[in-house]
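Here is a walk through one protein model, written for someone meeting it for the first time. Have a look at the structure below, and then we'll go through it piece by piece.

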Amino acid sequence: MIRGRLITEFALSVVSVLGVVLTLGPMEASATSTKPIHFNEPIAIAVSDNHVWVVNAKGNSITEIDASSGAVLRVISGAADHFDEPTAIAIGGNHVWVVNAKGNSVTELNAENGTLMRVINAQA
């Protein structure tokens with residue numbers, strides 16, 4: 001059996017609006033572990049209420065975290081979300097907007113449930 005370890009090369013600390021310090025990383029997994037990695041080149045972060053949203057550029061995903069506990073609430077990814085190297089994020093009300101550098105688009109998500117609302121594509 002091959003045993004290996006993967007350690008991401010980052011550490012991220014955030015002070016939530018509730019004053020709680022949330023430290024993420026380095027996250028670790030091994031070939032024999034079932035603990036998932038929730039980050040893949042995290043590049044941007046946004047905080048709203050008790051939620052921290054982390055953009056994973058190479059993972060083509062967004063990780064939502066509970067700011068109080070540090071628990072991962074969900075990882076949003078998939079072809080339907082049209083993430084193509086996401087690089088920036090903004091939150092307003094019940095909306096999360098994610099900029100896709102390679103996709104020349106913005107993905108709009110519902111902040112309450114993470115569902116896709118629409119994809120806004122750049123005009124050629």
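Strands β6 and β7 (residues 61–66) run antiparallel and are joined by six bridges. Within this pair, V52 sits opposite I65 in β7. The hairpin of β6 and β7 has four residues between the strands, and N60 there takes a positive phi near 50°. Keep in mind that what you're looking at is a predicted model.

On to the other partner of β6. β5 and β6 also pair in the antiparallel sense, over six bridges. Here I45 has V54 in β6 as its bridge partner. The hairpin of β5 and β6 has two residues between the strands, and D49 takes a positive phi near 50°.

How much of β6 is covered? Most of it: five of its six residues are buried.

Now zoom out to the sheet these strands belong to. It is an open sheet of four strands, in the order β5-β6-β7-β8, with antiparallel pairing. β5 and β8 (72–77) are the edge strands, each pairing on one side only. From one strand to the next, the twist averages 20°.

There is another open sheet to find. Its four strands come in the order β9-β10-β11-β12, and the pairing is antiparallel here too. Why does one side of β9 (86–92) and of β12 (116–121) lack a neighbour in the sheet? Both strands stand at the edges and have a single partner strand each, so one side of each is left without a neighbour. The twist in this sheet averages 20° from one strand to the next.

Between β9 and β10, the antiparallel pairing covers six bridges. One match to look for is I89, whose bridge partner in β10 is V98.

The residue pairs named so far fit in a small table:

| Residue | Opposite residue | Strand of the opposite residue |
|---|---|---|
| V52 | I65 | β7 |
| I45 | V54 | β6 |
| I89 | V98 | β10 |

Next, the inside. In soluble globular proteins, nonpolar side chains tend to be buried together. Which residues make up the largest nonpolar core here? There are 12 of them: A44, A46, W53, V55, I62, I76, F83, I89, V96, V98, L109 and A111. Two or more of these residues come from each of β5 (42–48), β6 (51–56) and β10 (95–100). So the bridge partners I89 and V98 both turn up in this core as well.

A second, separate core has five residues, including F39, V52, I65 and A67. You've met two of those already: V52 and I65 stand opposite each other.

A46 is a handy place to see how the largest core is put together. Setting aside neighbours within four places in sequence, A46 is in contact with H51, V52, W53, I89 and I91. Among those contacts, W53 and I89 are members of the largest core, just like A46.

Two single residues are worth a stop. Let's start with E64, which lies in strand β7. Is E64 buried or exposed? With a relative accessible area of 1%, E64 counts as buried. The side chain of E64 makes a polar contact with the side chain of R74, at 2.5 Å. Not counting residues up to four places away in sequence, E64 touches H51, V52, W53, A71, V72, L73, R74 and A111.

The other is I120, found in strand β12. I120 is partly exposed, with a relative accessible area of 36%. Beyond its neighbours within four places in sequence, I120 is in contact with N104, S105 and V106. The C-alpha atoms of I120 and W97 are separated by 9.9 Å, and these two residues are 23 apart along the chain.

Finally, the whole chain. What is it built from? It has 12 strands and zero helices. Of its 124 residues, 34% are buried. Take the contacts between residues at least 6 apart in sequence: 32% of them join residues at least 24 apart. The chain exposes about 7000 Å², and carbon and sulfur atoms supply 52% of that.

Technical notes:
Residues numbered from 1 in each chain as written. Predicted model: local features only at pLDDT ≥ 70, side-chain atom pairs only at ≥ 80, totals over all residues. Heavy atoms only, no water. Core = buried A, V, L, I, M, F, W, Y, C linked by side-chain atoms within 4.5 Å. Buried < 20%, exposed > 50% of the residue type's maximum accessible area, 1.4 Å probe, protein only. Contact = heavy atoms within 4.5 Å. Pairing = 2+ DSSP bridges. Axes fitted to C-alpha atoms, helices over the stretch in contact; angles between N-to-C directions. Polar contact = N/O pair within 3.5 Å; in protein donor to acceptor, adjacent residues only side chain to side chain. Areas by Shrake-Rupley, 256 points an atom, 1.4 Å probe, with all protein chains shown as cover.
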